[in-house]
Amino acid sequence: MAGGQARVRRVALVTGAARGIGAATVAALAAGGWAVLAVDLCADDPALPYRLGRRDELDQVVAGARAAAGDPGAAEGLAADVRDPAAMASAVAAAEQRWGGLDAAVAAAGVIAGGVPLWEMDAAQERAVLDTDLGGVLALARAAVPALLRRPEPRAGRFLAVASAAATRGLPMLAAYCAAKAGVAGLIRALAVELGGTGVTANAVSPGSTDTAMLAESARLYGLPAAASFAAQQPAGRLLAPDEVAAALAWLAGAASSAMTGAVVPVDGGLAL
C-alpha cells in the first residue's frame with residue numbers, strides 16, 4: 001500500500017481476536033481497508049475447564065487479515081489480558097505508535113462458565129466470567145476512549161462491544177454470564193451519553209447462538225450433545241456464523257452508523273423475539 005493511503009487508513013483494536021466473533025471482526029475490518037491490532041490472551045485460564053484461544057490461532061487470524069487486505073502492514077497481533085488495565089493501555093499505545101492513532105475499539109473477548117445455580121458456582125469461575133466479560137470491556141474503554149478522543153475534530157470514533165441475548169434473558173445456570181452481559185449493555189448506554197457531542201459513539205451487538213467455541217462449552221454445561229442443539233431456539237432455525245455478527249460490527253465501525261449511539265443491536269436470528 002502506498003504511503004499516502006496508509007496515512008489515511010482507519011485504525012481499529014479488537015480483543016478476543018484469536019477465534020470466534022473477534023477473529024471474524026478482524027477479518028472484516030481488514031478486508032474493508034482498516035489497519036487492525038488483533039489482541040488476545042493467547043493462553044488458557046486455570047479457572048475455566050475449556051481451551052481458550054492460542055497464539056498460533058491469533059497468528060493465523062493476522063495472516064488472513066493481511067492477505068484479505070493485500071497488505072502485510074494491515075494487521076498485527078498482540079498477546080494481552082483484557083482484565084489488566086495496564087495491558088489494555090499498552091495495547092492502545094501500540095496501535096497508536098504503529099499507525100498513528102486509533103479510530104475504533106471492539107471489545108469482543110469473552111468466556112463462559114456455570115452449569116450450576118449461582119450459589120453453587122465456583123467462585124474462581126464466577127470471577128473469570130465477570131472480570132473478562134464485563135471488566136475487560138471496562139478496561140478497554142478506559143484505555144481506548146481517550147485515544148479515540150485524541151483524534152482531531154471532526155471525529156468519527158467508535159467504541160463497540162459484544163453483549164449477548166443473555167443480557168436481557170434469564171438463562172438458568174449462567175447467572176454470572178447474564179449479569180456480565182447486562183452490565184455491558186448498561187455500560188454502552190452510559191458511555192454514549194458521556195461521549196455526546198464528541199463525535200465518538202458507543203454501540204454494541206447482541207448475538208444469539210453463534211457457532212463458536214464458547215457455544216460448544218455452553219452445550220457441554222447444559223449436557224447437550226453439541227452446539228447445534230441451540231439452533232432450534234432461534235426463529236432463524238440455525239446457528240449464526242461469526243462472520244454474520246462481525247458484519248454488523250464492521251458496519252457499526254464505519255461512517256454509515258454515525259446516527260447511532262447507545263444502541264444494543266440484536267444480531268440473534270430472532271432469539272430475542
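How many salt bridges does a search of the whole structure find? The search turns up 15 of them. Keep in mind that this is a predicted model, so let's look at confidence before getting into the pairs.

**Confidence**

Averaged over the chain, pLDDT comes to 96, and 97% of the residues reach 70 or more. The weak spot is the start: over residues 1-7 the pLDDT is below 50, and this stretch has three contacts in the model beyond near neighbours in sequence. By element, helix H1 (residues 3-8) has the lowest confidence in the chain, with a mean of 46, while strand S4 (residues 104-107) has the highest, at 99.

**Salt bridges**

Here are three of the salt bridges, with the distance between the closest N and O atoms.

| Pair | Closest N and O atoms |
|---|---|
| Arg10 and Asp103 | 3.8 Å |
| Asp56 and Arg54 | 2.8 Å |
| Glu153 and Arg155 | 3.7 Å |

Take Arg10 and Asp103 to begin with. Arg10 sits in the loop between H1 and S1, and Asp103 in the loop between H4 and S4, so their salt bridge ties together parts that are 93 residues apart in sequence. The two ends differ in how much surface they show: Arg10 is partly exposed at 27% relative accessible area, whereas Asp103 is buried at 8%. There's also a third partner around, as salt bridges that share partners join Arg10, Asp103 and Arg151 into one network.

The Asp56 and Arg54 pair has both ends partly exposed, with Asp56 at 34% relative accessible area and Arg54 at 36%. As for Glu153, which pairs with Arg155, its relative accessibility of 63% makes it exposed.

Pro154 is also out in the open: it lies in the loop between H6 and S5 and counts as exposed at 78% relative accessibility. Pro154 and Thr198 are 44 residues apart in sequence, yet their C-alpha atoms are 8.3 Å apart in space.

**The nonpolar cores**

Which residues have the most contacts inside the largest nonpolar core? They are Leu13, Met88, Leu102, Leu140 and Phe159, in a core of 38 residues. Two or more residues come from each of these elements: strands S1 (11-14), S2 (35-40), S4, S5 (158-162) and S6, plus helices H4 (85-99), H6 (135-150) and H7 (175-194). The biggest giver is H6, with nine residues.

Leu13 shows what this looks like from the inside. Setting aside residues up to four places away in sequence, Leu13 touches Leu37, Val39, Ala91, Val92, Leu102, Ala104, Ala105, Val106 and Leu140. There's also a second, separate core of 30 residues, with Ile21, Val62, Ala65 and Leu160 among them.

**Around helix H8**

Now for the stretch leading into helix H8 (residues 213-221) and the one just past it. Ser209 lies in the loop between strand S6 (201-207) and H8. Buried or exposed, where does Ser209 fall? At 6% relative accessibility, Ser209 counts as buried. Its side chain isn't left without a polar partner, since the side chain of Gln233 makes a polar contact with the side chain of Ser209 at 2.9 Å. Leaving out neighbours within four places in sequence, the contacts of Ser209 are Leu215, Phe230, Gln233, Gln234, Leu239, Leu240 and Leu271.

In H8 itself, the buried residues are Leu215, Glu217, Ser218, Ala219 and Leu221. On helices in general, an α-helix has 3.6 residues a turn, so residues three or four places apart point the same way. Just after H8, Gly223 takes a positive phi of about 70°.

**The aromatic pair**

A search of the whole structure finds one aromatic pair. Tyr222 and Phe230 have ring centres 6.2 Å apart and planes at 70°, so they count as edge-to-face; the cut-off for that label is over 60 degrees. Tyr222 is partly exposed at 26% relative accessibility, while Phe230 is buried, with 10% relative accessible area. Phe230 ties this pair back to the loop described above, as it's one of the residues in contact with Ser209.

Conventions. Residues numbered from 1 in each chain as written. Predicted model: local features only at pLDDT ≥ 70, side-chain atom pairs only at ≥ 80, totals over all residues. Heavy atoms only, no water. Phe/Tyr/Trp six-rings, centres within 6.5 Å; stacked < 30°, edge-to-face > 60°. Buried < 20%, exposed > 50% of the residue type's maximum accessible area, 1.4 Å probe, protein only. Helix = DSSP H or I, 4+ residues; strand = E, 2+ residues; numbered from the N terminus. pLDDT = per-residue confidence, 0-100. Contact = heavy atoms within 4.5 Å. Polar contact = N/O pair within 3.5 Å; in protein donor to acceptor, adjacent residues only side chain to side chain. Core = buried A, V, L, I, M, F, W, Y, C linked by side-chain atoms within 4.5 Å. Salt bridge = Lys/Arg side-chain N within 4 Å of Asp/Glu carboxyl O.
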